[in-house]
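Trainee: I have a new structure open and I'm not sure how to read it. Could you take me through some features, one at a time?

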Amino acid sequence: FWIIVARFYPPEDVGLASALIAAVALLAGFTHLGLHVALIRFLSHAGKDANLLINTVFTISTFASIVGAAIFIVGLDFWSPALLFMRQNPIYLAAFVLFTIAFNASHLQDRTFIADRRAGYTVARSLIFGLLKLPLPILLAASFHSFGIFASWGISLVVVVVLSMFVFLPRVRPDYRPCFTISKKVVNDILRFSFVNYIADFFLSASASILPIMVLNLLGAESTAYFYIAWSIGSAAVIISGAVSTSLFAEGSHDEERLGLNIWRSLRLIFLTLVPVVILILAIAPQLLLLFGSSYSESGATLLRLVAVSALPWSINLVYLAKLRVEKKLKVITGFTACTAVLTLGLAYLLVPRMGINGAGIAWLI
């Protein structure tokens with residue numbers, strides 16, 4: 001997708017679009033309210049209230065997404081003046097709100113499948129999402145410029161969310177029917193656990209979501225394009241540890257007695273698969289980025305290597321966090337993730353003006 005985008009759009013458009021996608025991810029961090037974590041922890045024990053739990057979580061997430069997107073749009077002068085062009089077109093504004101809702105819903109659907117041990121549907125969703133995105137940037141390039149990139153990503157996301165809600169979820173749970181509802185009992189059962197994990201997940205995702213906007217504000221749209229492409233490729237390595245740690249959390253929620261054994265199995269699996277990937281990225285980082293253009297290779301190779309190396313300590317952090325969530329050690333979760341976010345963003349704010357986009361990579365690694 002990003003190779004196509006880099007070939008059909010100038011770096012300035014790529015930078016603005018990547019900042020928009022990062023803004024949606026950041027809003028999701030604000031508005032998911034820890035509900036996706038609660039789904040994994042409580043769905044396996046919900047019994048007859050399982051479908052009520054799912055619909056309550058989706059309903060609350062939808063309303064929270066609308067409120068969060070509206071606040072972001074109203075405060076664009078403060079958050080990121082470079083994105084003020086969105087206000088000039090009501091279609092852009094409506095799409096931004098819709099894509100924010102869909103992004104949150106997508107994560108909740110993934111967690112529902114994982115909690116039910118039907119992660120194959122998560123793979124199917126990802127595959128369909130990836131394939132749908134490919135032709136759209138070419139079709140929208142002439143008319144929408146940077147918003148064409150964002151729209152390609154968002155339209156594909158909406159299609160997959162609708163497909164999952166009305167086709168995949170009923171297959172996993174034959175008695176499931178989507179509807180807007182909020183159960184007081186469900187909210188009371190998951191409130192404290194959800195809130196603490198909401199704070200923790202916001203801190204955990206804040207760095208990755210805020211950094212592209214920080215780079216845009218400090219260095220401009222072109223540098224943001226080089227940053228985002230290198231960051232996205234390097235972050236692909238983290239998918240391995242993210243998937244394994246999420247599965248560890250799901251399995252631990254089903255069977256806490258085997259948690260210690262599963263932690264060591266998870267670490268072994270992560271490092272057996274991740275270390276070769278990191279070595280490969282270190283060796284061919286400039287060549288990988290040449291797929292996007294020579295300017296991306298020249299500007300982003302060092303950052304790509306920094307992000308790839310960071311995947312190794314980050315994997316240990318994710319496994320540790322999964323352990324804490326199974327054990328419901330809520331205070332430790334909050335302190336651990338808060339320190340990570342404050343250190344990363346504080347260092348990045350100091351280093352990016354002095355070292356360019358590589359400063360963000362060094363802050364992340366530290």
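What follows is a talk about helices, buried residues and aromatic pairs.

Mentor: Sure. Keep in mind from the start that this is a predicted model.

Trainee: Let's begin with helices. What span should helix α15 have, and how far apart are its end C-alpha atoms?

Mentor: The idea is to count residues and allow 1.5 Å for each. Helix α15 covers residues 330-355, which is 26 residues, so it should span 38 Å. Its end C-alpha atoms are 36 Å apart, and that agrees.

Trainee: Where does α15 bend?

Mentor: At Tyr349, by about 30°. A proline, Pro353, follows within four residues of that point. Just after α15 you'll also meet Gly356, which takes a positive phi of about 75°.

Trainee: Which residues of α15 are buried?

Mentor: Start with the general idea: an α-helix has 3.6 residues a turn, so residues three or four places apart point the same way. Now read the buried list for α15: Leu330, Ile333, Thr337, Ala338, Ala341, Thr344, Leu345, Ala348, Leu351 and Val352. Try following that list along the helix on your screen.

Trainee: Can we do another helix? How many residues of α2 are buried?

Mentor: In α2, 17 of the 21 residues are buried, so this helix is largely enclosed by the rest of the structure. The span check works here too: 21 residues at 1.5 Å each should give 30 Å, and the end C-alpha atoms of α2 are 30 Å apart. Just after α2, Leu33 takes a positive phi of about 60°.

Trainee: And what about Glu12, where is that?

Mentor: Glu12 sits in α2, which runs over residues 11-31. Glu12 counts as partly exposed, at 38% relative accessibility. Setting aside neighbours within four places in sequence, Glu12 is in contact with Ala221 and Glu222. For a sense of distance, Glu12 and Asn55 are 43 residues apart in sequence and 40 Å apart in space, C-alpha to C-alpha.

Trainee: Now a single residue. Is Thr224 buried or exposed?

Mentor: Buried, with a relative accessible area of 0%. Thr224 belongs to helix α11, residues 221-235. Its side chain reaches the backbone oxygen of Gly220 at 2.7 Å. Leaving out neighbours within four places in sequence, Thr224 is in contact with Gly15, Ser18, Pro212, Val215 and Leu216.

Trainee: Which residues does Ser209 contact?

Mentor: Beyond neighbours within four places in sequence, Ser209 is in contact with Ala22, Ala25 and Leu26. Ser209 lies in helix α10, residues 184-219, and counts as buried at 5% relative accessibility.

Trainee: How should I think about the core?

Mentor: In soluble globular proteins, nonpolar side chains tend to be buried together. Here the largest nonpolar core has 123 residues, and those with the most contacts inside it are Trp2, Val14, Leu83, Phe96, Phe147, Phe150 and Trp153. Helix α14, residues 294-327, gives the largest share of this core, 14 residues.

Trainee: What does Phe96 touch?

Mentor: Not counting residues up to four places away in sequence, Phe96 touches Leu20, Ala23, Val24, Leu27, Ala69, Phe72, Ile73, Met86 and Phe150.

Trainee: How many aromatic pairs are there?

Mentor: A search of the whole structure finds 16. A pair of aromatic rings is described by the distance of the centres and the angle of the planes. Take Phe103 and Trp153: their pair is tilted, with 5.8 Å from centre to centre and 35° between the planes. Phe103 is in helix α6 (residues 90-115) and Trp153 in helix α9 (residues 146-172), so the pair ties together parts 50 residues apart in sequence. Both Phe103 and Trp153 are buried.

Trainee: What are the values for Tyr121 and Phe168?

Mentor: They form a tilted pair as well, at 5.3 Å centre to centre and 50° between the planes. This pair links distant parts of the chain, with Tyr121 in helix α7 and Phe168 in helix α9, 47 residues apart. Tyr121 is buried at 16% relative accessible area, and Phe168 is buried at 9%.

Trainee: Which residues form an aromatic cluster?

Mentor: Phe72, Phe96, Phe99, Phe103, Phe150 and Trp153 form one cluster.

Methods. Residues numbered from 1 in each chain as written. Predicted model: local features only at pLDDT ≥ 70, side-chain atom pairs only at ≥ 80, totals over all residues. Heavy atoms only, no water. Helix = DSSP H or I, 4+ residues; strand = E, 2+ residues; numbered from the N terminus. Expected span 1.5 Å × (residues − 1). Bend = angle between axes of the 7 residues up to and from the residue. Buried < 20%, exposed > 50% of the residue type's maximum accessible area, 1.4 Å probe, protein only. Polar contact = N/O pair within 3.5 Å; in protein donor to acceptor, adjacent residues only side chain to side chain. Contact = heavy atoms within 4.5 Å. Core = buried A, V, L, I, M, F, W, Y, C linked by side-chain atoms within 4.5 Å. Phe/Tyr/Trp six-rings, centres within 6.5 Å; stacked < 30°, edge-to-face > 60°.
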